[in-house]
Amino acid sequence: MKSFRILLLASFTGLALLLNAQPAATLRPSFTLQTAHFSLAFQVGADGRLYQRAIGADDKAKSQRADEAYPQAGDGYFWEPALQAVHADGNTSTTLQYVSLIRTNEADGRELTRVLLRDPAYPFEVTLCFRTDRERDVIEQWTEIQHHESGAVTLERMASTSLLLPPHNLYLRHFSGDWAKEMNPTTELLTPGTKVLDSKTGVRAHQFGNPNFILSLDGEPQENSGRVLAGSLAWSGSFQCAFDHFGDHVRALCGVNPFASAYHLAPGETFTTPVMIWTWSANGLGDMSRKLHAWARDHGLRAGHEPRTVLLNNWEATFFNFDFNRIAGLFAPAKEIGTEIFLLDDGWFGNKYPRTNDNAGLGDWQPNRARLPDGLAPLAAQAIKRGVKFGIWIEPEMVNPKSELFEQHPDWAIVQPQRKVELQRNQLVLDLTRPAVQEFEWSIITNTLGVPGMSYVKWDCNRYLTQPGSSYLAPDRQSHLWIDYVNALYAMMERTAKTYPNIELMLCSGGGGRADYGALKYFHEFWPSDNTDPTVRVAMQWDYSYFFPVMALASHVTHWGHRPMHFACCVAMSARFGMDLDLVKLSPEDKAICAGAISAYKKIRDVTQLGDLFRLENPHQGIRGALNFVSTDRNRAAIFAFQLKDGEGKPVMPQGLDPAKKYSVHELNPAPGRAALTREAGTFTGEELMRDGLKPSCGKALEACVVELTATTN
Ligand code: GLA
């Protein structure tokens, strides 16, 4: 049951009267957001403004302007502001003073705190919202802005969060990349000046930059020690995270990118910023990730407590070159090796302009009559008959100029008038701010997802915005495109998730362009990268796992990099396992390895996907990568070792086991002909295993080993 507490609900005028009447120190409200191991303290100053005590700082809040909790531009604050607004009368300054605080107990351990701030000179209000997850040390933070001025107020900057940290020894780990090279970590000391991470890609957050980062308060972040804070902005559009290092402060500001995004807020409307997710640990990155993963399984993604199936995708097997029989011919071998869902990728639609390559057809979502004469339903039925579920690829937000849709509605695409149209992958983005486009895209979704037997959808987005012009939005509202697009997209994703609760959804964006909790809450998983070379994936999945549980990281076995099949299978098994192989052409040896991997995965998937992750050996640093997962009751564990370079392997040291429990040791799906694991078939206590480790059966580059530990009753 929800309980509801109002700690102080008084207009600031009333508070000021009170302050005048009694000694200020006793009256200035202060409050703390508290989780199990983290607290964030605030204090109202004598000037009525709200101040924050820097995280991890020993000093008391000094109530100097630099300490302001959500600083506003134009009235004395001259560093990077959280809010910059132009009022209806043209005044470019804002002053926010504390009004009241409301706490709501939403569920056991989850509390919502809403702090109302108001401008004394204007009917302009800002509510800072914080949802604490006590057990997980997670704080979700966002801001709501509202006013009743005589006309629109223009928001130039509107951060979701504006957290203060002490600058001493403060490190930032952030992630950059490009297509097929996503998620490369950089770790650096924050130094004076403003460090900005951002994207201006509009319809996706990630690819070159990433709205996920780590702040480490005790020098370079460590896996099992030190105070760290993970930041993750739940936004699938252009974002900005700025780390403003000035004086004895670092302010971490994150939110929608202010770049070209001025927002004209009408009187009575509310602007709600994206949610920023902060996760704290005083025990390093491992503990931080486990808490964030636990939060994500409950609140960050769909069906976070249900282990994922094994999927077979035809993309790298056929690319655009297939017909009914070619696809249907894959179902029996798919079943035979143990996969559970078949995903038909790009190329199934378009008639006047068939989608036989990436030049044409996007927008014309009618099944291609030459390839699928009777549509999708018979194919889905055939898959089900052969014992595998059926899924499909769509890219509803896009159009090829070579399509019937574009011929009929050229004004539906996002382009800049007077400019030469710039295509990416031969396509344009449809303008989702236009209601007719929203209706059209919804019809694609209902027509495709409504096909009987549909179980899975890969929702792709293969370009970003470079010419952000909308023929629907008024000339003075063009800057709304960035924000209104993403909000319209979320409305459609939410509707999809609600209308089709039993269809599994994968986010994809020309590789790993949509890897954020904004979209993920409507989806089950995302595609981290088109690069499926397992030597690359070992490191990439490690880095994504700082923020996302592995059940959300689609990982398919392919021929990228031409690595040994056993190695590729082991790497994919350590995340959300799938395959993108032509099973008709696969050698019997490789097929047997795949079948063995699938059967092994089915034995441990509840442990890898629902258990706790311990990152053991960083693949960026040594000659191998290693991980282990432990079930929450600590009765079962799965250890993965991926040898990247030759070298006599030291023992892998598992973590998180119950020291007192005895575990049997068993290698799953061992590589053909490889020496057996030492200690195989023995029984050891958790203490022994964590102290002495386990020597894996792999020692040469591109060998891998997966070991199952099971607690015995004696
Ligand atoms: C994108 C995806 C691929 C595949 C193709 C299809 O590049 O990342 O996995 O679906 O589109 O065109």
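What average pLDDT does the protein chain reach, and what share of the residues score at least 70? In this predicted model, the chain averages 94 on pLDDT (the predictor's confidence in each residue, from 0 to 100), and 95% of the residues score at least 70. Residues are numbered from 1 along each chain as its sequence is written, and side-chain values use heavy atoms, without hydrogens or water. Local features need pLDDT of at least 70 and side-chain atom pairs count only at pLDDT 80 or more, while totals for chains, interfaces and linings use all residues.

Select residues 1-25 next, where pLDDT stays under 50. Where pLDDT is low, the predicted coordinates should not be read in detail.

Then colour the domains, whose bounds come from an automatic or database assignment: domain 1 (2-165 + 189-198 + 233-275), domain 2 (311-530) and domain 3 (613-712). The C-alpha centres of domain 1 and domain 3 are 47 Å apart.

Finally, select the ligand and the 13 residues around it (each with a heavy atom within 4 Å), of which D345, D346, R425, K458 and D530 come nearest. Oxygen atoms of the ligand lie 2.8 Å from a side-chain N or O atom of D345, 2.6 Å from one of D346, and 2.5 Å from a polar side-chain atom of D530.

Conventions: Contact means heavy atoms within 4.5 Å. A polar contact is a pair of N or O atoms within 3.5 Å; within protein, one must be able to donate a hydrogen and the other to accept it, and residues adjacent in sequence count only if both atoms are side-chain atoms.
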